[in-house]
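Please open the structure in your viewer and keep the selection panel handy. We will go from stop to stop, picking residues as we go.

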Amino acid sequence: MLKARAHQKSRNFIRFLCLQVCLWAISDATVVQVMGPVLDIRFADGELPELLNAIELQNNGKPLIVEVAQHIGDNVVRCIAMAATDGLVRGAEAVDTGGP
């Protein structure tokens, strides 16, 4: 029973990693400004996320979720981070999750 559960967990983790790789491969968004917990992220033309959408990015190898708070023009959104942004730099890739 424990072996089957461990196998299922590893399969789920592999699926998660594959999804992350696919999402990062199609990412056309980059961080353009970091001001404490507030981030500005520029998206490709026609890819602007809706307000309150969750955006995922990597911060020192850890996932960071931010929430779209405002469309500020020029395909840039202002977001609020749900965790610390220490070490986050401009140019980091971001992915719109498509929902809140």
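Start by selecting Glu 93, which sits in strand β6, spanning residues 93-96. Bear in mind on this tour that the model is predicted. Glu 93 has a relative accessible area of 41%, so it is partly exposed. Now add Asp 28, Asp 45 and Glu 47 to your selection: together with Glu 93, these residues form a negatively charged patch on the surface.

Next, walk back to the loop between β5 (76-81) and β6, where you will find Thr 85. Is Thr 85 buried or exposed? Its relative accessible area is 10%, which is under the 20% cut-off, so Thr 85 is buried. Show Gly 36 as well: the side chain of Thr 85 comes to 2.7 Å from the backbone oxygen of Gly 36.

From that loop, move into strand β5 and pick Ile 80. Ile 80 is partly exposed, because its relative accessibility is 34%. Add Ile 65 and Met 82, and you have a nonpolar patch on the surface that covers about 250 Å².

Now for the charged pairs. How many salt bridges does the structure hold? There are two.

For one of them, select Asp 40 and Arg 78, whose side chains meet at 2.7 Å, N to O. Asp 40 belongs to strand β2 (residues 38-42) and Arg 78 to strand β5, so this pair links distant parts of the chain, 38 residues apart. Colour the two by accessibility if your viewer allows. Asp 40 is buried, because its relative accessibility is 4%, whereas Arg 78, at 26%, is partly exposed.

For another salt bridge, select Asp 74 and Arg 42, with 3.4 Å between their closest N and O atoms. This pair also links distant parts of the chain, 32 residues apart: Asp 74 is in the loop between β4 (62-73) and β5, and Arg 42 is in strand β2. Asp 74 has a relative accessibility of 62%, so it counts as exposed. Arg 42 is partly exposed, because its value is 35%.

To finish, clear the selection and show the whole chain as a cartoon. You can trace one helix and six strands, and along the sequence they come in the order α-β-β-β-β-β-β. If you switch to colouring by burial, look for the 29% of the chain's 100 residues that are buried; Thr 85 and Asp 40 are among them.

Methods: Residues numbered from 1 in each chain as written. Predicted model: local features only at pLDDT ≥ 70, side-chain atom pairs only at ≥ 80, totals over all residues. Heavy atoms only, no water. Patch = residues over 30% accessible without salt bridge, like charges linked within 9 Å, V, L, I, M, F, W, Y side chains within 5 Å. Areas by Shrake-Rupley, 256 points an atom, 1.4 Å probe, with all protein chains shown as cover. Salt bridge = Lys/Arg side-chain N within 4 Å of Asp/Glu carboxyl O. Lys, Arg positive; Asp, Glu negative; His and termini not counted. Charge placed at Lys NZ, Arg CZ, Asp CG, Glu CD. Helix = DSSP H or I, 4+ residues; strand = E, 2+ residues; numbered from the N terminus. Buried < 20%, exposed > 50% of the residue type's maximum accessible area, 1.4 Å probe, protein only. Polar contact = N/O pair within 3.5 Å; in protein donor to acceptor, adjacent residues only side chain to side chain.
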